[in-house]
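The exercises below concern backbone angles, burial and contacts in a single protein chain. Each task is followed by a solution that proceeds step by step.

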Amino acid sequence: MINGDPKEFIEGLHYGDEHYFVYDGRKYFIQGYRTEDRKLALEIFGLDPDNFDYLWTVVSDNENYPVAEFESAPIFNGKTFWEAEKDIEWVDE
């Protein structure tokens, strides 16, 4: 991970941390939050002014943020986080 430790990035997601990152020239935002029915969720969306969109959302079926689901989802051009992390830049703004 460029500008950060990927393990620290993932660890923060377990607590609902918000992160900005760049992958393949596009800026993204990931956040954890509680749904209206009090479940925990993670979501990622792109921040391009002309192409603001939700890339990925998952709601946990237990009392934890769905970090494992994020780690194994092929959302980075068909790659998982750990397959793509060397090309992800942690920018947090």
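**Exercise 1. Classify Asp-24 as buried or exposed, and describe its backbone.**

Solution. The model is a predicted one.
Step 1: The relative accessible area of Asp-24 is 60%. Because the cut-off for an exposed residue is over 50%, Asp-24 counts as exposed.
Step 2: Asp-24 is placed in the loop between β1 (19–23) and β2 (26–34).
Step 3: The phi angle of Asp-24 is near 55°, a positive value in a residue other than glycine. Most residues other than glycine have a negative phi.

**Exercise 2. Determine how β2 and β3 are arranged, and which residue in the turn has a positive phi.**

Solution.
Step 1: The strands β2 and β3 run antiparallel and are joined by 7 bridges. Within this pairing, Tyr-33 stands opposite Ala-41 in β3.
Step 2: Together β2 and β3 form a hairpin, with 5 residues between them.
Step 3: The residue sought in the turn is Arg-38, with a positive phi of about 70°. Arg-38 is exposed, its relative accessible area being 57%.
Step 4: The strand β3, in turn, is mostly covered, as 7 of its 9 residues are buried.

**Exercise 3. Identify the nearest side chain of opposite charge to Glu-85, and decide whether a salt bridge is present or absent.**

Solution.
Step 1: Glu-85 is located in the loop between α3 (81–84) and β5 (88–90), and Glu-85 is buried.
Step 2: The nearest side chain of opposite charge belongs to Lys-86, 7.5 Å away. Because a salt bridge requires the charged atoms to be within 4 Å, Glu-85 has no salt bridge.
Step 3: A polar atom of the Glu-85 side chain does, however, lie 2.5 Å from the backbone nitrogen of Met-1.
Step 4: With neighbours within four places in sequence left aside, Glu-85 is in contact with Met-1, Ile-2 and Pro-6.

**Exercise 4. State where Tyr-54 lies, whether Tyr-54 is buried or exposed, and which residues Tyr-54 touches.**

Solution.
Step 1: Tyr-54 belongs to strand β4, which covers residues 51–59.
Step 2: The relative accessibility of Tyr-54 is 53%, so this residue counts as exposed.
Step 3: If residues up to four places away in sequence are not counted, Tyr-54 touches Glu-43, Ile-44 and Phe-45.
Step 4: Tyr-54 and Met-1 are 53 residues apart along the chain, and their C-alpha atoms are separated by 22 Å.

Methods
Residues are numbered from 1 along each chain as its sequence is written. This is a predicted model: local features need pLDDT of at least 70, side-chain atom pairs count only at pLDDT 80 or more; totals for chains, interfaces and linings use all residues. Side-chain values use heavy atoms; hydrogens and water are left out. Helices (H or I, at least four residues) and strands (E, at least two) are DSSP runs, numbered from the N terminus. Buried means under 20% relative accessible area, exposed over 50%, partly exposed in between (1.4 Å probe, protein chains only). Lys and Arg count as positive and Asp and Glu as negative; His and the chain ends are not counted. A polar contact is a pair of N or O atoms within 3.5 Å; within protein, one must be able to donate a hydrogen and the other to accept it, and residues adjacent in sequence count only if both atoms are side-chain atoms. Contact means heavy atoms within 4.5 Å. Two strands pair if DSSP finds at least two bridges between them.
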